[in-house]
Amino acid sequence: MKPTLPVAFPEAFVERYTSTFGEDRLNQILNGFDAKRQTWFRINLLKSDVASTVSSLKGQGIAFQMDTEFPDAGWVPPEQREALLGSNAVANGYVYLQGLASQLPVRFLEVEPGLSVLDLAAAPGSKTLQIAGLASPGDEIAAVELVRKRKFKLLDNLKRHGADHVRVFLQDGTKVWKYRPEHFDRVLLDAPCSSEGRFQLDDESTFSYWSTSKVKEMVRKQRRLLFSAVHALKPGGVLVYSTCAISPDENEGAVDHILSAFEGCLEVAPIAFDAPERVDALLEWRNKPLSSQLSGACRLLPSERLEGFFVCKFIKTASSNPPLPSRY
Ligand SMILES: C[S@@+](CC[C@H](N)C(=O)[O-])C[C@H]1O[C@@H](n2cnc3c(N)ncnc32)[C@H](O)[C@@H]1O
(Lines give C-alpha, C1' and ligand atoms only; values in the text may rest on other atoms or scores of the structure.)
Protein backbone atom coordinates (compact mmCIF):
# COMPACT_ATOMS: atom_id res chain seq x y z
CA MET A 1 0.00 0.00 0.00
CA LYS A 2 1.19 3.49 -0.83
CA PRO A 3 1.55 5.81 2.18
CA THR A 4 -0.08 9.23 2.11
CA LEU A 5 2.45 11.57 0.59
CA PRO A 6 2.92 15.11 1.86
CA VAL A 7 1.71 17.80 -0.55
CA ALA A 8 5.28 18.98 -1.09
CA PHE A 9 6.59 15.54 -2.07
CA PRO A 10 7.91 15.78 -5.67
CA GLU A 11 5.47 14.23 -8.12
CA ALA A 12 8.30 13.85 -10.62
CA PHE A 13 9.98 11.44 -8.19
CA VAL A 14 6.90 9.21 -8.11
CA GLU A 15 6.52 9.30 -11.89
CA ARG A 16 10.19 8.65 -12.55
CA TYR A 17 10.48 5.65 -10.27
CA THR A 18 7.10 4.13 -11.07
CA SER A 19 8.32 3.77 -14.62
CA THR A 20 11.74 2.55 -13.44
CA PHE A 21 10.80 0.03 -10.78
CA GLY A 22 7.04 -0.57 -11.13
CA GLU A 23 4.33 0.35 -8.65
CA ASP A 24 4.98 -2.36 -6.05
CA ARG A 25 8.66 -1.56 -5.62
CA LEU A 26 7.97 2.16 -5.62
CA ASN A 27 5.46 1.64 -2.81
CA GLN A 28 8.05 -0.34 -0.89
CA ILE A 29 10.45 2.59 -1.30
CA LEU A 30 7.80 5.12 -0.20
CA ASN A 31 6.94 2.98 2.83
CA GLY A 32 10.64 2.97 3.69
CA PHE A 33 10.55 6.79 3.61
CA ASP A 34 7.56 6.66 5.95
CA ALA A 35 9.14 4.33 8.52
CA LYS A 36 10.46 5.61 11.85
CA ARG A 37 14.07 4.63 11.49
CA GLN A 38 16.19 2.86 14.10
CA THR A 39 19.33 4.73 15.13
CA TRP A 40 22.43 2.72 14.36
CA PHE A 41 25.84 3.23 15.86
CA ARG A 42 29.33 1.86 15.53
CA ILE A 43 31.70 1.35 18.41
CA ASN A 44 34.73 3.52 17.70
CA LEU A 45 37.66 1.12 17.90
CA LEU A 46 40.10 4.06 17.91
CA LYS A 47 39.00 5.03 21.41
CA SER A 48 37.29 2.01 22.89
CA ASP A 49 36.49 -1.66 22.45
CA VAL A 50 33.28 -3.58 22.08
CA ALA A 51 33.14 -5.17 25.56
CA SER A 52 33.71 -1.99 27.57
CA THR A 53 31.39 0.15 25.45
CA VAL A 54 28.61 -2.42 25.65
CA SER A 55 28.98 -2.51 29.40
CA SER A 56 29.03 1.31 29.64
CA LEU A 57 25.83 1.60 27.54
CA LYS A 58 24.15 -1.02 29.73
CA GLY A 59 25.27 0.86 32.82
CA GLN A 60 23.57 3.99 31.50
CA GLY A 61 20.30 2.12 31.03
CA ILE A 62 20.20 2.47 27.23
CA ALA A 63 17.95 -0.09 25.54
CA PHE A 64 20.17 -1.07 22.62
CA GLN A 65 20.81 -4.21 20.62
CA MET A 66 24.05 -5.31 19.02
CA ASP A 67 24.03 -6.62 15.45
CA THR A 68 24.53 -10.33 14.88
CA GLU A 69 26.68 -9.94 11.76
CA PHE A 70 28.87 -6.97 12.69
CA PRO A 71 30.01 -7.20 16.34
CA ASP A 72 30.92 -3.49 16.57
CA ALA A 73 27.51 -2.30 15.30
CA GLY A 74 24.33 -1.81 17.26
CA TRP A 75 21.05 0.11 17.25
CA VAL A 76 18.40 1.70 19.40
CA PRO A 77 14.70 2.15 18.59
CA PRO A 78 13.53 5.70 17.76
CA GLU A 79 12.38 6.40 21.35
CA GLN A 80 15.88 5.68 22.69
CA ARG A 81 17.68 7.99 20.26
CA GLU A 82 17.81 10.97 22.61
CA ALA A 83 19.11 8.81 25.46
CA LEU A 84 21.87 7.45 23.24
CA LEU A 85 22.78 10.94 22.03
CA GLY A 86 23.01 12.12 25.62
CA SER A 87 25.10 9.16 26.79
CA ASN A 88 28.70 9.33 28.01
CA ALA A 89 29.63 6.84 25.31
CA VAL A 90 28.68 9.37 22.61
CA ALA A 91 30.13 12.35 24.50
CA ASN A 92 33.47 10.56 24.89
CA GLY A 93 33.58 9.42 21.28
CA TYR A 94 33.37 5.69 22.13
CA VAL A 95 30.25 5.39 20.03
CA TYR A 96 29.71 6.98 16.63
CA LEU A 97 26.22 7.34 15.18
CA GLN A 98 26.24 5.87 11.69
CA GLY A 99 23.47 4.16 9.75
CA LEU A 100 23.83 0.46 9.06
CA ALA A 101 23.89 0.95 5.28
CA SER A 102 26.48 3.70 5.60
CA GLN A 103 28.76 1.28 7.47
CA LEU A 104 28.82 -1.20 4.57
CA PRO A 105 31.22 0.43 2.07
CA VAL A 106 34.18 0.30 4.44
CA ARG A 107 33.24 -3.19 5.64
CA PHE A 108 33.83 -4.35 2.05
CA LEU A 109 36.91 -2.21 1.32
CA GLU A 110 39.28 -4.81 2.80
CA VAL A 111 41.28 -2.28 4.83
CA GLU A 112 44.04 -3.82 6.89
CA PRO A 113 47.20 -2.50 8.55
CA GLY A 114 50.03 -1.55 6.20
CA LEU A 115 47.92 -0.27 3.28
CA SER A 116 47.52 3.22 1.84
CA VAL A 117 43.90 4.33 1.65
CA LEU A 118 42.19 7.25 -0.12
CA ASP A 119 38.77 8.53 0.92
CA LEU A 120 37.89 10.70 -2.07
CA ALA A 121 34.75 12.48 -0.79
CA ALA A 122 35.24 12.38 2.91
CA ALA A 123 33.27 14.89 5.01
CA PRO A 124 31.88 14.64 7.61
CA GLY A 125 34.12 11.62 8.01
CA SER A 126 32.00 8.69 9.20
CA LYS A 127 33.74 6.36 6.82
CA THR A 128 37.19 7.94 7.22
CA LEU A 129 36.90 7.15 10.92
CA GLN A 130 35.87 3.61 10.15
CA ILE A 131 38.91 3.25 7.86
CA ALA A 132 41.23 4.70 10.52
CA GLY A 133 39.90 2.15 13.03
CA LEU A 134 41.00 -0.70 10.75
CA ALA A 135 44.44 0.70 9.87
CA SER A 136 47.63 1.09 11.91
CA PRO A 137 48.55 4.54 13.24
CA GLY A 138 51.46 4.96 10.78
CA ASP A 139 49.49 4.02 7.68
CA GLU A 140 48.76 6.54 4.95
CA ILE A 141 45.12 7.57 5.02
CA ALA A 142 44.24 10.54 2.81
CA ALA A 143 40.83 12.17 3.15
CA VAL A 144 39.80 14.60 0.40
CA GLU A 145 36.98 17.12 0.66
CA LEU A 146 36.03 19.91 -1.75
CA VAL A 147 33.97 22.16 0.53
CA ARG A 148 35.93 24.25 3.04
CA LYS A 149 33.25 24.30 5.77
CA ARG A 150 32.83 20.55 5.49
CA LYS A 151 36.57 20.05 5.65
CA PHE A 152 36.59 21.74 9.08
CA LYS A 153 33.73 19.52 10.21
CA LEU A 154 35.76 16.54 9.03
CA LEU A 155 38.87 17.67 10.90
CA ASP A 156 36.88 18.24 14.07
CA ASN A 157 35.22 14.83 13.80
CA LEU A 158 38.52 13.05 13.24
CA LYS A 159 40.11 14.82 16.19
CA ARG A 160 37.22 14.12 18.56
CA HIS A 161 37.22 10.45 17.67
CA GLY A 162 40.97 9.80 17.86
CA ALA A 163 41.89 9.81 14.17
CA ASP A 164 43.98 12.96 13.92
CA HIS A 165 46.73 11.06 12.07
CA VAL A 166 44.56 11.06 8.93
CA ARG A 167 45.83 13.55 6.32
CA VAL A 168 43.04 15.85 5.23
CA PHE A 169 43.14 17.72 1.91
CA LEU A 170 40.87 20.54 0.81
CA GLN A 171 40.84 19.58 -2.83
CA ASP A 172 38.77 18.65 -5.84
CA GLY A 173 38.74 14.87 -5.82
CA THR A 174 38.36 14.76 -9.60
CA LYS A 175 41.98 15.94 -9.84
CA VAL A 176 43.61 13.64 -7.29
CA TRP A 177 44.59 11.03 -9.87
CA LYS A 178 46.92 13.59 -11.50
CA TYR A 179 48.99 13.95 -8.32
CA ARG A 180 48.83 10.34 -7.17
CA PRO A 181 48.36 8.06 -10.20
CA GLU A 182 48.07 4.39 -9.21
CA HIS A 183 49.23 5.21 -5.70
CA PHE A 184 46.62 3.81 -3.28
CA ASP A 185 45.90 0.20 -2.27
CA ARG A 186 42.31 1.08 -1.41
CA VAL A 187 40.03 3.85 -2.61
CA LEU A 188 36.62 4.70 -1.24
CA LEU A 189 34.29 6.89 -3.25
CA ASP A 190 31.19 7.55 -1.16
CA ALA A 191 29.98 9.95 -3.78
CA PRO A 192 28.03 13.18 -3.51
CA CYS A 193 24.55 12.16 -4.65
CA SER A 194 20.88 13.10 -4.72
CA SER A 195 20.48 11.47 -1.27
CA GLU A 196 17.11 10.04 -2.25
CA GLY A 197 17.66 7.04 0.02
CA ARG A 198 17.49 9.39 3.02
CA PHE A 199 14.10 10.91 2.28
CA GLN A 200 11.72 10.94 5.22
CA LEU A 201 8.10 11.79 4.58
CA ASP A 202 7.77 13.64 7.90
CA ASP A 203 10.75 15.88 7.15
CA GLU A 204 10.28 18.06 4.07
CA SER A 205 13.87 19.28 4.18
CA THR A 206 15.04 15.78 3.15
CA PHE A 207 13.30 15.96 -0.24
CA SER A 208 12.47 19.61 -0.98
CA TYR A 209 15.69 20.18 -2.98
CA TRP A 210 15.11 17.15 -5.25
CA SER A 211 14.69 17.51 -9.00
CA THR A 212 15.62 15.49 -12.06
CA SER A 213 18.21 18.13 -12.93
CA LYS A 214 19.78 17.61 -9.48
CA VAL A 215 20.14 13.92 -10.34
CA LYS A 216 21.77 14.81 -13.66
CA GLU A 217 24.18 17.22 -11.96
CA MET A 218 25.20 14.46 -9.54
CA VAL A 219 25.75 11.98 -12.37
CA ARG A 220 28.29 14.33 -13.96
CA LYS A 221 30.17 14.72 -10.66
CA GLN A 222 30.10 11.01 -9.92
CA ARG A 223 31.54 10.06 -13.30
CA ARG A 224 34.45 12.46 -12.92
CA LEU A 225 35.14 11.33 -9.36
CA LEU A 226 34.96 7.66 -10.35
CA PHE A 227 37.41 8.28 -13.16
CA SER A 228 39.83 9.87 -10.68
CA ALA A 229 39.27 7.07 -8.16
CA VAL A 230 40.17 4.34 -10.65
CA HIS A 231 43.32 6.15 -11.82
CA ALA A 232 44.46 6.79 -8.25
CA LEU A 233 44.14 3.08 -7.44
CA LYS A 234 47.07 0.67 -7.78
CA PRO A 235 46.63 -2.36 -10.01
CA GLY A 236 45.42 -5.15 -7.72
CA GLY A 237 43.75 -2.60 -5.44
CA VAL A 238 40.15 -2.39 -4.28
CA LEU A 239 37.72 0.45 -4.99
CA VAL A 240 34.33 0.76 -3.33
CA TYR A 241 31.74 3.10 -4.83
CA SER A 242 28.64 3.96 -2.84
CA THR A 243 25.71 6.37 -2.84
CA CYS A 244 22.57 6.88 -0.82
CA ALA A 245 20.65 7.51 -4.05
CA ILE A 246 17.80 5.46 -5.46
CA SER A 247 18.26 6.51 -9.07
CA PRO A 248 19.79 3.99 -11.48
CA ASP A 249 21.64 6.87 -13.19
CA GLU A 250 23.73 7.42 -10.07
CA ASN A 251 24.18 3.73 -9.31
CA GLU A 252 23.98 1.08 -12.03
CA GLY A 253 24.48 3.77 -14.69
CA ALA A 254 27.67 5.02 -13.03
CA VAL A 255 29.05 1.48 -12.65
CA ASP A 256 28.21 0.53 -16.23
CA HIS A 257 29.86 3.72 -17.47
CA ILE A 258 33.10 3.21 -15.55
CA LEU A 259 33.34 -0.47 -16.50
CA SER A 260 33.25 0.44 -20.17
CA ALA A 261 35.59 3.42 -19.75
CA PHE A 262 38.12 1.08 -18.08
CA GLU A 263 37.35 -2.08 -19.99
CA GLY A 264 39.94 -4.75 -19.29
CA CYS A 265 41.24 -3.21 -16.06
CA LEU A 266 38.25 -3.23 -13.74
CA GLU A 267 36.08 -6.05 -12.41
CA VAL A 268 33.16 -6.07 -10.00
CA ALA A 269 33.61 -8.24 -6.90
CA PRO A 270 30.31 -9.39 -5.36
CA ILE A 271 29.15 -7.84 -2.10
CA ALA A 272 28.24 -10.62 0.33
CA PHE A 273 25.53 -8.98 2.40
CA ASP A 274 22.18 -10.67 2.93
CA ALA A 275 19.34 -8.45 4.00
CA PRO A 276 15.58 -8.35 3.50
CA GLU A 277 16.06 -4.87 2.00
CA ARG A 278 18.47 -6.10 -0.67
CA VAL A 279 17.18 -6.29 -4.23
CA ASP A 280 18.96 -7.12 -7.46
CA ALA A 281 20.77 -4.29 -9.16
CA LEU A 282 19.25 -3.44 -12.53
CA LEU A 283 20.77 -5.22 -15.52
CA GLU A 284 18.78 -3.16 -17.98
CA TRP A 285 17.92 0.52 -17.91
CA ARG A 286 15.95 2.61 -20.38
CA ASN A 287 15.73 -0.37 -22.73
CA LYS A 288 19.50 -0.76 -22.83
CA PRO A 289 21.37 -3.71 -21.33
CA LEU A 290 23.83 -2.88 -18.55
CA SER A 291 26.96 -4.85 -17.63
CA SER A 292 26.15 -8.32 -16.29
CA GLN A 293 28.84 -7.65 -13.66
CA LEU A 294 26.25 -5.49 -11.90
CA SER A 295 24.76 -8.65 -10.42
CA GLY A 296 27.51 -8.35 -7.78
CA ALA A 297 26.45 -4.85 -6.68
CA CYS A 298 24.32 -4.32 -3.60
CA ARG A 299 21.14 -2.23 -3.90
CA LEU A 300 19.24 -1.67 -0.65
CA LEU A 301 15.72 -0.31 -0.35
CA PRO A 302 14.95 2.00 2.58
CA SER A 303 13.28 0.48 5.64
CA GLU A 304 12.93 1.11 9.36
CA ARG A 305 16.40 -0.47 9.68
CA LEU A 306 18.33 1.33 6.98
CA GLU A 307 18.46 4.06 4.39
CA GLY A 308 18.25 3.36 0.67
CA PHE A 309 21.81 2.66 -0.45
CA PHE A 310 23.97 1.28 -3.23
CA VAL A 311 27.42 -0.29 -2.90
CA CYS A 312 29.66 -1.66 -5.62
CA LYS A 313 33.12 -3.11 -5.10
CA PHE A 314 35.71 -3.24 -7.87
CA ILE A 315 39.10 -4.88 -8.23
CA LYS A 316 41.57 -3.15 -10.51
CA THR A 317 42.93 -6.04 -12.52
CA ALA A 318 45.41 -4.12 -14.71
CA SER A 319 47.07 -0.73 -14.98
CA SER A 320 44.85 2.03 -16.37
CA ASN A 321 46.68 4.39 -18.60
CA PRO A 322 44.19 6.03 -20.91
CA PRO A 323 44.68 9.75 -21.47
CA LEU A 324 42.02 11.89 -19.85
CA PRO A 325 39.12 12.18 -22.29
CA SER A 326 38.28 15.81 -23.00
CA ARG A 327 34.79 15.50 -21.50
CA TYR A 328 36.31 15.01 -18.06
C1 LIG B 1 28.08 11.65 0.55
S2 LIG B 1 29.10 12.88 1.20
C3 LIG B 1 30.39 11.92 1.93
C4 LIG B 1 30.05 11.35 3.28
C5 LIG B 1 31.24 10.74 3.96
N6 LIG B 1 31.87 9.74 3.14
C7 LIG B 1 30.86 10.14 5.30
O8 LIG B 1 30.61 8.94 5.35
O9 LIG B 1 30.84 10.87 6.28
C10 LIG B 1 29.94 13.49 -0.20
C11 LIG B 1 30.98 14.54 0.10
O12 LIG B 1 31.71 14.79 -1.09
C13 LIG B 1 32.03 16.16 -1.12
N14 LIG B 1 32.37 16.49 -2.53
C15 LIG B 1 31.56 16.90 -3.53
N16 LIG B 1 32.26 17.07 -4.66
C17 LIG B 1 33.54 16.75 -4.37
C18 LIG B 1 34.76 16.74 -5.12
N19 LIG B 1 34.78 17.09 -6.40
N20 LIG B 1 35.90 16.39 -4.50
C21 LIG B 1 35.89 16.02 -3.19
N22 LIG B 1 34.78 16.02 -2.42
C23 LIG B 1 33.62 16.39 -3.00
C24 LIG B 1 30.79 16.83 -0.58
O25 LIG B 1 31.06 18.15 -0.14
C26 LIG B 1 30.42 15.88 0.56
O27 LIG B 1 31.05 16.25 1.75
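Which residue is the bridge partner of F184 in β9? The partner is L233, and the fourth view below returns to this pair. The structure is a predicted model, in which local features need pLDDT of at least 70 and side-chain atom pairs count only at pLDDT 80 or more, whereas totals for chains, interfaces and linings use all residues. Residues are numbered from 1 along each chain as its sequence is written. Helices (H or I, at least four residues) and strands (E, at least two) are DSSP runs, numbered from the N terminus.

**View 1. The shell of residues around the ligand.** A residue is taken as near the ligand if its C-beta atom, placed from the backbone, lies within 6 Å of it. The shell holds 20 residues, of which A121, S126, L146, G173 and D190 come nearest. The elements that contribute two or more residues to this shell are α7 (126–134), β6 (141–145) and α10 (212–232). By character, the shell divides into nine nonpolar, five polar and six charged residues, where Ala, Val, Leu, Ile, Met, Phe, Trp, Tyr, Cys and Pro count as nonpolar, Asp, Glu, Lys and Arg as charged, and the others, Gly among them, as polar.

**View 2. Helix α7 and its packing against α6.** A residue is called buried if 20 or more other C-beta atoms lie within 10 Å of its own, exposed if 12 or fewer, and partly exposed in between, with C-beta atoms placed from the backbone. By this count α7 is mostly covered, since nine of its nine residues are buried; among them are S126, K127, T128 and L129. Helix α6 (residues 100–107) packs against α7 at an angle of about 45°, with the two axes 9 Å apart. That angle makes α6 oblique to α7. Axes here are lines fitted to C-alpha atoms, for helices over the stretch in contact, and angles run from 0 to 180 degrees between N-to-C directions; angles under 35 degrees count as roughly parallel, over 145 as roughly antiparallel, 65 to 115 as roughly perpendicular and the rest as oblique. The crossing of α6 past α7 is right-handed, the term used if the near helix is turned clockwise from the far one by less than a right angle, as opposed to anticlockwise for left-handed.

**View 3. The open sheet around strand β3.** Four strands form an open sheet in the order β2-β3-β1-β4, with antiparallel pairing. β2 and β4 (95–97) stand at the edges, each with a single partner strand, so one side of each is left without a neighbour in the sheet. Two strands are said to pair if DSSP finds at least two bridges between them. Strand β1 (residues 39–43) is joined to β3 by four bridges; across this pairing F41 has G74 as its bridge partner, and W40 stands opposite W75. Strand β2 (residues 65–66) pairs with β3 over two bridges, with Q65 opposite W75, and a hairpin of six residues connects β2 to β3. In a regular strand the side chains alternate between the two faces of the sheet. Both faces of β3 (residues 73–76) are covered, with A73 and W75 buried on one side and G74 and V76 buried on the other.

**View 4. Strand β8 between β5 and β9.** Seven of the seven residues of strand β8 (residues 184–190) are buried, so β8 is largely enclosed by the rest of the structure. Strand β5 (residues 117–119) runs parallel to β8 and is joined to it by three bridges, with D119 standing opposite L188. Strand β9 (residues 233–243) also pairs with β8 in the parallel sense, over six bridges, and here F184 meets its partner L233.

**View 5. Helix α11 and residue D256.** D256 lies in helix α11 (residues 252–261) and is buried, with 21 other C-beta atoms within 10 Å. The C-alpha atoms of D256 and E69, which are 187 residues apart along the chain, are separated by 30 Å. α10 packs against α11 at an angle of about 40°, with axes 10 Å apart. That makes α10 oblique to α11, and their crossing is right-handed.

**View 6. Backbone details in three loops.** A cis peptide bond, with omega of about 5°, joins A123 and P124, and P124 is found in the loop between β5 and α7. S195, in the loop between β8 and α10, has a positive phi of about 55° although it is not a glycine; S195 counts as buried, with 20 C-beta neighbours inside 10 Å. R286 likewise is not a glycine but has a positive phi, of about 50°. R286 sits in the loop between β12 (284–285) and β13 (288–289) and is exposed, with 11 other C-beta atoms within 10 Å.
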